[in-house]
Amino acid sequence: MRTERTIRRRWLAPLAILPLLAISAACGASDGDSGQALVLYSGRDEKLVQPLIDDFEAATGIAVDVRYGNSAEMGAQILEEGSATPAAVFYSQEVGAVGVLEEADMLAELPQDVVDRVPARFRPKDNNQWVGVTGRSRVIVYNPDLVDDVPEGVLDLTDPKYAGKVAWAPPNASFQSFVTAFRVAVGDDQARSWLEGMLANDPVAYESNNEILDAVNNGDIAIGLINHYYWARALPELGDGLKAKLVFPKGDDPGGLVNATAVAVLKGATDNPDAQALVEYLLSEEGQTHFVDETMEYPLVEGIAQPDGVPPLSSLEGLQVDLTDLESLEQTQTLLVDLGILD
Amino acid sequence: MALTLLTVALTVLPLVYLVIRATDRGWGAAESVLFRRRTLDLLLRSLELSAIVTVLCLIIGIGLAWLVTRTDVPFRRFVQVAVGLPFALPSYVAAWSWIGYRPGLAGRTGAVIVLTTITYPFVYLPAMAALRRCDPALEDTARSLGHGSWSVFRRVTLPQIRPAVAGGGLLVGLYVLSDFGAVATMRYPVLTHVIYRSYRASFDRTPAAVLGCLLAALSIIIVALESWSRRRRRSAKVGSGAVRAQPVVALGRLRWPSLLLPVGIVVISLGIPAWGMRRWFTQGTSRADGGELWEATLNTLQVGALGTLAVIVLAAPLALMSIRHPGWLSTTAERAAYAGHSLPGVVVGLSLVFFGIRFATPLYQRLPMLVMAYVVLFLSLGLGSIQSAVAQIPPNLEDVARTLGRSGFAAWRSVTLRLSAPGIGAAATLVFLTIMKELPATLFLRPTGFDTLSTRLWDNISSLSYAAAAPYAVTVVLLAAVPTALLATLGERRARR
């Protein structure tokens with residue numbers, strides 16, 4: 001009988017730990033809620049964005065609560081939240097996620113003088129509902145140990161000498177934007193025949209730019225198609241361990257599309273001066289320079305120093321595509337599904 | 001009863017949401033996704049992957065559970081804990097390590113390896129709990145009737161642990177259907193690919209919702225088949241069984257060689273990810289912030305404990321009801337709970353965003369909402385383990401206790417609760433470990449500025465700070481060791497012979 005009772009007690013002990021843990025943790029940890037702060041949904045990571053927000057808070061005295069996540073999934077979250085969304089400002093990794101909110105009529109108009117700070121191709125055509133913040137170029141990344149003959153642009157990659165050596169990420173939003181730009185700038189037929197040429201060369205499909213960079217750097221594959229800032233961000237982390245090198249496609253090669261990150265104010269915060277102040281801060285010299293220094297991204301506001309170590313934005317403008325013309329994403333996806341590149 | 005209604009309401013939320021979203025652009029759009037040739041291909045591929053991984057997990061899980069409960073394998077206590085730990089690894093962390101180690105594994109082989117090594121504890125933990133609950137007298141009787149060891153195991157032991165093992169197998173199968181991290185990294189396109197892709201590339205929620213409905217329907221069919229096959233058997237013992245030591249199989253000459261099995265599995269399941277973490281750490285120059293790591297650890301423990309508590313409190317009465325008085329209410333809740341487990345986290349997360357902000361506005365993006373999400377996602381984990389424990393308890397035992405003068409509650413506490421304690425322990429462990437590594441729903445529903453180990457891990461990885469990410473992954477595994485160790489060691493309720 002005594003053994004039974006001790007047995008029961010031994011069982012109760014660990015079970016009793018749970019509520020204790022829950023209560024003590026509930027008392028100890030903060031809920032992360034600080035009342036009336038401005039809420040920013042950021043599709044870009046905390047390590048990059050938070051230092052800038054800290055500076056903004058110090059400079060203006062405006063408290064900001066930042067929610068970090070994946071741009072596309074945050075876009076979907078704001079769509080589901082609808083007009084009740086707690087978000088006042090949304091800073092997205094890509095134009096697509098703010099574009100979908102623009103279409104759903106969820107964004108506020110930004111002042112004309114704010115959107116005028118960036119070139120017309122980095123803001124909406126028909127309204128002022130979002131504005132580009134930084135630019136990133138599509139690039140070819142390669143491992144010098146595995147490539148003798150370095151390609152100059154994506155058009156070279158259909159050459160049989162690159163058979164089985166090229167990685168791409170068809171599910172990735174920026175890859176699809178690149179194909180869309182290809183279609184818009186050069187024409188549907190040429191885009192299709194380039195894709196077919198690539199397919200004949202057995203490209204390896206990855207899920208994301210990160211994975212491609214990792215694979216090229218480790219020597220798993222020779223060449224990949226990514227955005228330039230992935231490489232730039234890996235540089236301080238890996239140092240000499242970053243073997244991969246970049247090619248910026250020039251001239252009229254469609255591989256050199258320059259895409260943008262974008263910021264928008266939600267309708268609920270239309271009259272919130274703090275939200276406007278945050279948008280303006282991202283476009284200020286401090287904001288722009290921060291991204292240039294941390295990620296080698298291109299500043300979109302005129303007169304800000306360009307990043308070192310990458311070709312200037314002006315030399316990449318062979319492919320003159322308006323970002324707002326990249327809305328025909330659905331045709332791109334149909335094409336990719338049609339060719340069996342996308343599921 | 002009120003509790004059961006609440007549970008039902010919670011578990012059917014994602015399904016209601018899926019139907020709303022699948023049809024909001026009309027049936028035409030839904031049909032065009034559903035009746036594509038490619039959808040069928042991917043569906044068959046998902047089912048195949050799920051079947052292969054489930055069979056492997058059953059073999060490994062039952063084998064290991066038997067080894068650590070019934071034999072004299074060396075370092076038994078230590079092995080008991082160690083083989084449960086791979087469960088703490090998020091699938092994408094394991095997958096990245098594997099693909100870094102052997103890039104050639106990409107594809108089905110890699111997906112099978114990664115998913116098997118991180119999900120076999122779904123079977124191992126409940127099987128271990130069930131083996132401990134078995135009445136040794138039954139096995140002794142069989143042996144006295146002339147059955148050999150294998151025959152006893154197959155004809156007496158296996159039927160007794162069958163509900164627990166089948167429940168575990170079900171969880172493995174449904175988890176594989178819902179997983180995205182491992183199959184994405186291994187570049188093996190299955191149904192979840194299309195779901196994530198339709199959110200990420202085209203912001204079109206219809207395909208995801210339609211395929212989510214398909215996954216949910218599939219899991220409901222699988223669960224129905226499983227419970228139908230269970231209904232034809234009875235696994236409760238007739239007597240309470242003597243409180244008596246369970247027989248220990250002497251492995252003899254095989255004693256030391258038998259250690260190779262668990263060691264091999266742990267080396268493969270934990271060793272490769274450990275190698276991956278080491279590579280992250282030595283390659284990178286970023287460093288994790290100690291304060292942030294500590295805060296994330298506390299937050300993880302907090303949501304883990306709250307979530308586990310909520311799941312157990314809701315799952316226990318439901319499990320009891322579905323075994324003792326099965327009716328449409330408990331069946332609905334049970335099926336919906338399993339359907340929730342087969343859905344990718346992003347779908348369940350968005351469904352709670354949709355309902356939370358409309359009907360529970362003050363709770364939106366606060367802790368109670370996050371805990372509710374964990375209940376929807378992981379109720380089935382608790383349910384299976386507790387159900388199998390309750391199924392092994394003869395109903396008339398409680399009646400006997402009542403005729404002997406105990407009140408209804410006291411009888412329940414001293415009989416049902418006590419006998420199902422190992423099952424509840426296994427359930428709590430499973431749920432706690434799974435909450436620790438959950439990511440998509442946590443990202444959607446956590447309070448703004450609230451970070452757990454998995455959100456920090458994800459944030460560091462997405463900013464390419466691999467070296468800063470490594471300590472978070474290691475901490476998750478270390479934290480997982482605690483409940484696993486509790487379960488493994490405190491669960492030995494009988495002194496072994």
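Let me start with A315(B), which, leaving aside residues up to four places away in sequence, touches L379(B), G382(B), L383(B), I386(B) and A427(B); please keep in mind throughout that what we are looking at is a predicted model. A315(B) also belongs to the largest nonpolar core, a set of 277 residues, and there it is one of those that touch the most other members, together with V89(A), V265(A), A127(B), L352(B) and A373(B). Which helix gives the most to this core? That is helix α17 of chain B, residues 367-391, which contributes 18 residues.

Now I would like to turn to a pair of helices in chain B, α14, covering residues 290-324, and α15, covering residues 328-342, whose axes come within 9 Å of each other and cross at roughly 125 degrees. Because angles from 65 to 115 degrees count as roughly perpendicular and only those over 145 as roughly antiparallel, this crossing makes α14(B) oblique to α15(B). The crossing is also left-handed. On the α14(B) side, the contact is made by L318(B), M321(B) and S322(B), while α15(B) supplies S330(B), T331(B), A333(B) and E334(B). If we sort the residues of this contact by character, we find three nonpolar, three polar and one charged.

Finally, let us look at L254(B), which sits in the loop between α12 (205-231) and α13 (260-283) of chain B. Why does L254(B) count as partly exposed? The reason is that L254(B) has 13 C-beta neighbours inside 10 Å, whereas a buried residue would need 20 or more and an exposed one would have 12 or fewer. L254(B) and V73(B), although 181 residues apart in sequence, are 8.8 Å apart in space, taken from C-alpha to C-alpha.

Terms used. Residues numbered from 1 in each chain as written. Chains lettered and ligands numbered in written order. Predicted model: local features only at pLDDT ≥ 70, side-chain atom pairs only at ≥ 80, totals over all residues. Core = buried A, V, L, I, M, F, W, Y, C linked by C-beta atoms within 7 Å. Helix = DSSP H or I, 4+ residues; strand = E, 2+ residues; numbered from the N terminus. Contact = placed C-beta atoms within 7 Å. Axes fitted to C-alpha atoms, helices over the stretch in contact; angles between N-to-C directions. Parallel < 35°, antiparallel > 145°, perpendicular 65-115°, else oblique. Left-handed = near helix turned anticlockwise from the far one by under 90°. Nonpolar A, V, L, I, M, F, W, Y, C, P; charged D, E, K, R; others polar.
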